[in-house]
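Here is a small set of exercises to work through at your own pace. Keep a viewer open, try each task, and then compare your route with the worked solution.

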Amino acid sequence: MVEKVLASWRDGPARRAIMDFVTAVTTPGPAFVEPADRIATFDNDGTLWVEQPLPPQFDFVFHAWAEEVEADPSLAAQQPYKALIEKDPEFFKGLGTQDPGVVETLLEAFTRSWAGTTPEEFDAQVREWTGTAKHPKLDVPYGELVYRPMLELFDLLHANDFRVFVCSGGGRDFMRVIAEETWGIPKENVIGSAAAYTYADGKLVRSRELLGSLDLGAGKPEHIFAHTGRLPVFAGGNADVDIEMLQSARFALLVNHDDQEREFSYTLGADASLAKAEELGWTVVSMKNDWVCVF
């Protein structure tokens with residue numbers, strides 16, 4: 001039975017730290033955590049699936065915006081359409097590091113583009129994209145680029161009465177479309193930046209307004225508590241925008257992208273989190289050394 005747990009993880013400090021923590025919080029004793037408080041939260045892009053050269057949701061959004069500009073060329077003078085058309089390097093660098101200012105600009109445009117649509121209409125567009133879009137370098141559908149070791153970690157946590165949530169700066173409603181079939185978690189366990197909704201004349205539609213703050217940095221533990229009424233016991237991330245969420249948990253797991261052959265090798269947007277991991281003793285996962293397979 002033990003051999004089947006975290007099968008894609010090599011035996012080493014990271015795997016042992018996870019197993020030791022899960023054993024400690026589920027065994028009567030000083031570290032025991034009641035099942036109701038066993039909350040585990042994970043970032044999405046770069047933690048559960050690829051985020052290079054850009055997080056997959058942006059591929060979905062950019063395709064839609066290209067069609068909008070084709071229909072209305074005047075949009076090319078507005079942000080973020082202008083930056084996309086001109087391939088502004090600073091803008092794309094901000095996307096890669098999930099700079100809050102860049103992300104907020106995108107999400108504001110995102111809410112405008114889909115304002116007035118019903119949840120069913122939006123879900124259908126996302127599903128159409130997932131059925132056709134492929135990663136530009138790896139040339140496979142994005143749904144095949146979820147990290148197998150992280151799904152095995154979800155299985156371990158579920159087997160020990162943890163409730164697993166995905167908490168990302170990306171669009172909540174986009175992630176909810178893929179949550180159940182991709183991660184095996186219910187869509188209500190997805191926390192993210194989102195548009196507000198209005199209900200009138202028997203119909204629920206997206207508004208032009210963002211619902212609360214961005215789900216980045218300090219926004220992550222704030223959103224988690226608002227959603228669950230608790231802070232996480234276990235948290236996993238991969239970037240500087242995950243630091244506050246990782247600090248709020250008893251056990252912090254940081255994925256380090258250091259495998260150029262099987263995925264990507266980079267620290268852009270993660271230098272501060274790697275330094276914080278060393279300072280606070282977080283468990284750092286080397287994609288190259290700790291994972292037998294990636295996908």
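The exercises below go from the whole chain to single residues of this predicted model.

**Exercise 1: the overall fold**

Task: Decide whether the radius of gyration of the protein agrees or disagrees with that of a compact globule.

Solution:
- Begin with the chain length: the protein has 295 residues, and a compact globule with that many would have a radius of gyration near 19 Å.
- Then take the value for the model, which is 19 Å, so the two agree.
- For the outline, the C-alpha atoms fill a box of roughly 65 × 45 × 35 Å along the principal axes.
- Inside that box, the protein has 12 helices and eight strands.
- Turn to burial and contacts: 53% of the 295 residues count as buried, and among contacts with a separation of 6 or more, 67% link residues 24 or more positions apart.
- Finish with the surface, which comes to about 13400 Å², with 52% belonging to carbon and sulfur atoms.

**Exercise 2: charges**

Task: Find how far apart the mean positions of the positive and negative charges are.

Solution:
- Count each kind: there are 26 positive and 47 negative charges.
- Average the places of each kind and compare: the two mean positions are 3 Å apart.

**Exercise 3: two residues in helices**

Task: Place aspartate 173 and work out whether it is buried or exposed.

Solution:
- Locate the residue: aspartate 173 belongs to helix α8, which spans residues 172-183.
- Apply the cut-off: buried means under 20% relative accessible area. Aspartate 173 has 9%, so it is buried.
- Look for partners: beyond four places in sequence, aspartate 173 touches Phe122, Tyr197 and Arg206. With tyrosine 197 there is also a polar contact between the two side chains, at 2.8 Å.

Task: Do likewise for threonine 111, and name the backbone atom that its side chain approaches.

Solution:
- Threonine 111 sits in helix α5, residues 100-114, and its relative accessibility is 2%, so it counts as buried.
- A polar atom of its side chain lies 2.7 Å from the backbone oxygen of glutamate 108.
- Farther along the sequence, threonine 111 is in contact with residues including Ala195, Ser207 and Leu210.

**Exercise 4: glutamine 79 and the cis bonds**

Task: Describe the surroundings of glutamine 79, then find which peptide bonds are cis.

Solution:
- Glutamine 79 is in the loop between α2 (56-71) and α3 (81-86). Its relative accessible area is 40%, so it is partly exposed.
- The side chain of glutamine 79 reaches the backbone nitrogen of alanine 83 at 3.0 Å, and glutamine 79 also touches Thr105 and Arg112.
- Now check omega: a cis peptide bond joins glutamine 79 to proline 80, with omega about 5 degrees.
- Another cis bond joins glutamine 52 and proline 53, with omega about -5 degrees. Proline 53 lies in the loop between β1 (39-42) and α2.
- For context, most peptide bonds are trans.

**Exercise 5: positive phi**

Task: Compare the settings of leucine 6 and lysine 87: which is buried and which is exposed?

Solution:
- Start from the backbone: leucine 6 has a positive phi near 50 degrees, and lysine 87 has one of about 50 degrees.
- Neither is a glycine, and most residues other than glycine have a negative phi.
- Locate them: leucine 6 is in the segment before α1 (13-26), while lysine 87 is in the loop between α3 and α4 (89-96).
- Compare areas: leucine 6 is buried at 2%, whereas lysine 87 is exposed at 64%.

Methods: Residues are numbered from 1 along each chain as its sequence is written. This is a predicted model: local features need pLDDT of at least 70, side-chain atom pairs count only at pLDDT 80 or more; totals for chains, interfaces and linings use all residues. Side-chain values use heavy atoms; hydrogens and water are left out. Helices (H or I, at least four residues) and strands (E, at least two) are DSSP runs, numbered from the N terminus. Buried means under 20% relative accessible area, exposed over 50%, partly exposed in between (1.4 Å probe, protein chains only). A polar contact is a pair of N or O atoms within 3.5 Å; within protein, one must be able to donate a hydrogen and the other to accept it, and residues adjacent in sequence count only if both atoms are side-chain atoms. Contact means heavy atoms within 4.5 Å. The radius of gyration is taken over C-alpha atoms; the globule rule is 2.2 Å times the number of residues to the power 0.38. Accessible areas come from the Shrake-Rupley method with a 1.4 Å probe; for residues, only the protein chains shown count as cover. Lys and Arg count as positive and Asp and Glu as negative; His and the chain ends are not counted. The place of a charge is taken as NZ of Lys, CZ of Arg, CG of Asp or CD of Glu.
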